[in-house]
Amino acid sequence: MGKCKFCWVLTLLLAVMVAGMGYFFLIKGNSFVGEDGRTTIVLSEIEKASVLGEMRTLLEGVQIITGALAVNDLAAVAEAASSRGMVMANSDSPDLLAKLPLEVKTLGLGAHAAFDNLAAMANDGVEANILLGELSDMMSSCVACHQQYRIAIENFDE
Ligand code: HEC
């Protein structure tokens, strides 16, 4: 009986550890709340550069897509959107993904999936003004994530 009690204590301890690790790696990622109230995601310098590089590609995509919609060039819309879809998310390293809070991963993957969806709609010949409405809806996820999150570099006091 005494031995079994030890087993239970050990099981409980392990369960707490697994739950704690789950919280850190899945839900919280590597983050803290910064001075402006946004959650600060802590990344290495290279990871930060890679995320911001992706972000600039997304912004460039929005610029190309709005321009193409204005002249009803749906092929250009589809091309710009599909290259910002899940293909882009798939190139992220597992190390980087582990540092992102769950909500950021969810919003980020949702944004990439939405670009694929927009590309499919453009390929199906959906009207430009409907596609523009879709792009506006997609951009609520850009806005939502930026309002809530920022990035800092590890061992860098900013
Ligand atoms: C899942 C969260 C998330 C989503 C979705 C997201 N971003 Fe970002 N983005 C960030 C974070 C975090 C930063 C860094 C902000 C900071 O540190 O102040 C950033 C920064 C940027 C920057 C600045 C890049 C630089 O070089 O400094 C641009 C431009 C940008 N995002 C565009 C977009 C656009 C356009 C979309 C939507 C199509 C988008 N982002 C969607 C999280 C996101």
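A residue counts as near the ligand here if its C-beta atom, placed from the backbone, lies within 6 Å of it. The model is predicted.

**Stop 1: the ligand**

Select the ligand and the 18 residues around it. Of these, Met55, Leu107, Cys142, Cys145 and Arg150 come nearest. Now colour by element: α2, α6 (102–123), α7 and β3 (149–153) each give two or more residues to the shell. The largest share, six residues, comes from α2. By class, the shell around the ligand holds 13 nonpolar, three polar and two charged residues.

**Stop 2: the sheet**

Next, show the strands. Three of them form an open sheet in the order β1-β2-β3, with mixed pairing. The edge strands are β1 (31–33) and β3, each of which pairs on one side only. Ignoring direction, neighbouring strands of this sheet are turned by 35 degrees against each other on average.

Zoom in on β2 (residues 39–43) and β3: these strands run parallel and are joined by five bridges. To find one pair to label, pick Leu43; its bridge partner in β3 is Ile153.

**Stop 3: from the sheet to α2**

Keep β2 and β3 on screen and add α2, residues 45–70. This helix lies across both strands and runs at about 145 degrees to β3.

**Stop 4: α2 and α7**

Add α7, residues 128–148. The axes of α2 and α7 come within 10 Å and cross at roughly 160 degrees. Angles over 145 degrees count as roughly antiparallel, so α2 is roughly antiparallel to α7. The crossing of α2 with α7 is left-handed.

Which residues make the contact? On α2, select Val62, Ile65 and Leu69; on α7, select Ala128, Leu131, Leu132, Leu135 and Met139. By class, this contact of α2 with α7 has eight nonpolar residues, no polar and no charged ones.

**Stop 5: α2 and α3**

Hide α7 and show α3, residues 74–82. The axes of α2 and α3 come within 8 Å and cross at roughly 165 degrees. The two helices are therefore roughly antiparallel to each other, and their crossing is left-handed.

For the side chains, select Gly61, Ile64, Ile65, Ala68 and Leu69 in α2, which meet Ala76, Val77, Ala80 and Ala81 in α3. The residues of the α2–α3 contact divide into eight nonpolar, one polar and no charged.

**Last selection**

Select Ile65 and Leu69 of α2 and bring α7 back. Ile65 and Leu69 take part in the contact with α7 and also meet α3.

Note on methods. Residues are numbered from 1 along each chain as its sequence is written. This is a predicted model: local features need pLDDT of at least 70, side-chain atom pairs count only at pLDDT 80 or more; totals for chains, interfaces and linings use all residues. Axes are lines fitted to C-alpha atoms, for helices over the stretch in contact, and angles run from 0 to 180 degrees between N-to-C directions. Helices (H or I, at least four residues) and strands (E, at least two) are DSSP runs, numbered from the N terminus. Angles under 35 degrees count as roughly parallel, over 145 as roughly antiparallel, 65 to 115 as roughly perpendicular and the rest as oblique. A crossing is left-handed if the near helix is turned anticlockwise from the far one by less than a right angle, and right-handed if clockwise. Two residues are in contact if their C-beta atoms, placed from the backbone, lie within 7 Å. Ala, Val, Leu, Ile, Met, Phe, Trp, Tyr, Cys and Pro count as nonpolar, Asp, Glu, Lys and Arg as charged, and the others, Gly among them, as polar. Two strands pair if DSSP finds at least two bridges between them.
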